[in-house]
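Visitor: I am new to this and would like to learn how to read a protein structure. Could you walk me through it, feature by feature?

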Amino acid sequence: MPYLLLILTTLFWAGNFILARAIYLDMQPFTLAFLRWTLALLIIAPWWLKRAWALRQVLRDHLPLLTVQGILGVACFNTLVYFGVQHTQATNAMLMQSAVPVVILLLGVVFLREAVSPRQWLGVFLSMAGVLVLISRGSLELLAQLDFNRGDLWIFLAMLSWSFYTLSLRWKPAALDGFTFFGFSVLVGVVVLFPFMLWEQGGTAQLQLTEPFVWTVVYMAIFPSILSFLFWNHGVERLGAATAGLFIHLMPMFGLLLATIFLGERLGWYHLAGILLIFSGLYIAILAQSLRRLRKTAGGT
């Protein structure tokens with residue numbers, strides 16, 4: 001189940017990138033992030049408020065940590081992505097985002113002295129190779145011509161924000177269930193984004209609530225917000241940050257598939273090669289060990 005949930009998470013996130021890029025000309029990053037998370041908070045409020053009240057002492061005791069986690073995971077990450085896609089292509093954004101597992105591994109080694117197995121490094125290498133094949137369309141010349149601009153800098157900051165958030169989940173209070181934790185993170189994000197949204201609205205033209213924009217906010221509130229955060233937190237809790245982070249390599253693959261379905265782009269040989277490398281990396285780093293464990297369990301019963 002954690003593996004399936006993490007796959008769905010990356011699928012929903014890929015949709016978030018594509019939609020953000022599709023409406024980037026009409027997008028106000030702080031406002032979009034605020035509306036997205038406010039709607040998400042309103043959707044979960046009937047179930048969340050009662051649980052948050054019951055666990056109010058736990059929330060109060062860990063308020064500094066939970067506030068930082070809400071800022072990193074909710075307020076910062078997607079807002080930085082929205083700034084990024086205004087100045088860089090979605091392919092650049094997803095290429096850089098797919099490097100998050102490497103960033104998580106490195107930060108874990110540097111700050112937490114985590115042990116990383118050779119199998120995990122090999123899985124990261126193969127998955128990253130698959131991502132490069134996808135983005136470069138199988139051409140080394142095209143890969144060498146990738147031009148990183150200020151939008152890529154925003155995406156890099158988003159990568160750091162999400163990596164630190166993921167690593168910080170190890171300190172999530174054990175008494176705090178995933179849903180209550182998520183709801184509090186969203187509340188923190190909404191409160192932090194509110195003044196920035198007011199500033200943005202004061203300095204730009206009036207927000208135009210067109211039908212595509214409204215449906216974009218609805219999608220972002222439900223799928224890459226509520227469902228993805230719950231799925232991601234569960235996956236990290238069950239599998240660990242380094243293992244869960246490897247699934248981010250699936251984002252460029254899903255992005256290309258969504259572009260093919262909704263934008264009419266054609267799949268080439270390099271798409272198949274990239275997908276094969278990505279899944280090979282995930283298999284070597286994660287699935288092979290899990291399947292052996294399942295076989296041993298089945299044999300023992």
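Guide: Gladly! Let us begin with a pair of side chains: D177 and R51 meet in a salt bridge, with 2.8 Å from N to O. Please keep in mind that this is a predicted model.

Visitor: What is the idea behind such a pair?

Guide: Side chains of opposite charge can pair when their charged atoms come close. Here D177 sits in the loop between α9 (150-168) and α10 (178-203), while R51 belongs to helix α2, so the pair ties together parts that are 126 residues apart in sequence.

Visitor: Are D177 and R51 buried, exposed or partly exposed?

Guide: D177 counts as partly exposed, because its relative accessibility is 24% and the class runs between under 20% for buried and over 50% for exposed. R51 is partly exposed too, at 38% relative accessible area.

Visitor: How many salt bridges does the count come to?

Guide: The count comes to one salt bridge.

Visitor: Let me step back to the whole chain. How many helices and strands does the protein chain have?

Guide: The protein chain has 14 helices and zero strands. Read along the sequence, the pattern is therefore one α after another: α-α-α-α-α-α-α-α-α-α-α-α-α-α, where helices are numbered from the N terminus.

Visitor: What share of the residues counts as buried?

Guide: Of the 301 residues, 50% count as buried. The chain exposes about 14700 Å², and carbon and sulfur atoms supply 70% of that area. As for contacts with a separation of 6 or more, 91% are between residues 24 or more positions apart.

Visitor: How do I read the inside of the protein?

Guide: A good starting idea is that in soluble globular proteins, nonpolar side chains tend to be buried together. In this model the largest nonpolar core has 84 residues, and L32, W37, V81, Y82, W162 and W232 touch the most other members. Helix α2 (residues 29-54) gives the largest share of this core, 10 residues.

Visitor: Which residues does Y82 touch?

Guide: Leaving out residues up to four places away in sequence, Y82 touches N16, A20, M27, P29, L32, A33, R36 and M220. L32 appears here as a contact of Y82, and L32 is also named among the core residues that touch the most other members.

Visitor: And where are nonpolar residues on the surface?

Guide: L106, V109, V110, F111, W121 and F164 form a nonpolar patch there, with about 560 Å² of accessible area together. Helix α6 (residues 100-112) supplies the largest share, four residues. F111 lies in that helix and is exposed, with a relative accessible area of 56%.

Visitor: Which residues of α6 are buried?

Guide: The buried ones are V100, P101, V103, I104, L105, L107 and G108. After α6 comes R113, whose phi is positive, near 55 degrees.

Visitor: How can I check the length of a helix?

Guide: Compare the expected span with the distance between the end C-alpha atoms. At 1.5 Å a residue, the 13 residues of α6 should span 18 Å, and the ends are 17 Å apart, which agrees. For α9, the 19 residues should span 27 Å, and the end C-alpha atoms are 27 Å apart, which agrees. Among the buried residues of α9 are G151, D152, I155 and W162.

Visitor: What does a residue with very little accessible area look like?

Guide: Take G281, found in helix α14. G281 is buried, with a relative accessible area of 0%. G281 touches G123, L126 and S127, not counting residues up to four places away in sequence. G281 and G123 are 158 residues apart in sequence, yet 3.9 Å apart in space, C-alpha to C-alpha.

Visitor: Is W269, in helix α14 (residues 269-300), buried or exposed?

Guide: W269 is exposed, with a relative accessible area of 58%. Beyond residues up to four places away in sequence, W269 touches R137 and G138. From W269 to V133 the separation is 136 residues in sequence and 10.0 Å in space, C-alpha to C-alpha.

Visitor: May I have one last example?

Guide: Try S185, which lies in helix α10. S185 is buried, with a relative accessible area of 2%, and beyond its neighbours within four places in sequence, S185 is in contact with G70 and V74.

Conventions. Residues numbered from 1 in each chain as written. Predicted model: local features only at pLDDT ≥ 70, side-chain atom pairs only at ≥ 80, totals over all residues. Heavy atoms only, no water. Patch = residues over 30% accessible without salt bridge, like charges linked within 9 Å, V, L, I, M, F, W, Y side chains within 5 Å. Areas by Shrake-Rupley, 256 points an atom, 1.4 Å probe, with all protein chains shown as cover. Salt bridge = Lys/Arg side-chain N within 4 Å of Asp/Glu carboxyl O. Helix = DSSP H or I, 4+ residues; strand = E, 2+ residues; numbered from the N terminus. Buried < 20%, exposed > 50% of the residue type's maximum accessible area, 1.4 Å probe, protein only. Core = buried A, V, L, I, M, F, W, Y, C linked by side-chain atoms within 4.5 Å. Contact = heavy atoms within 4.5 Å. Expected span 1.5 Å × (residues − 1).
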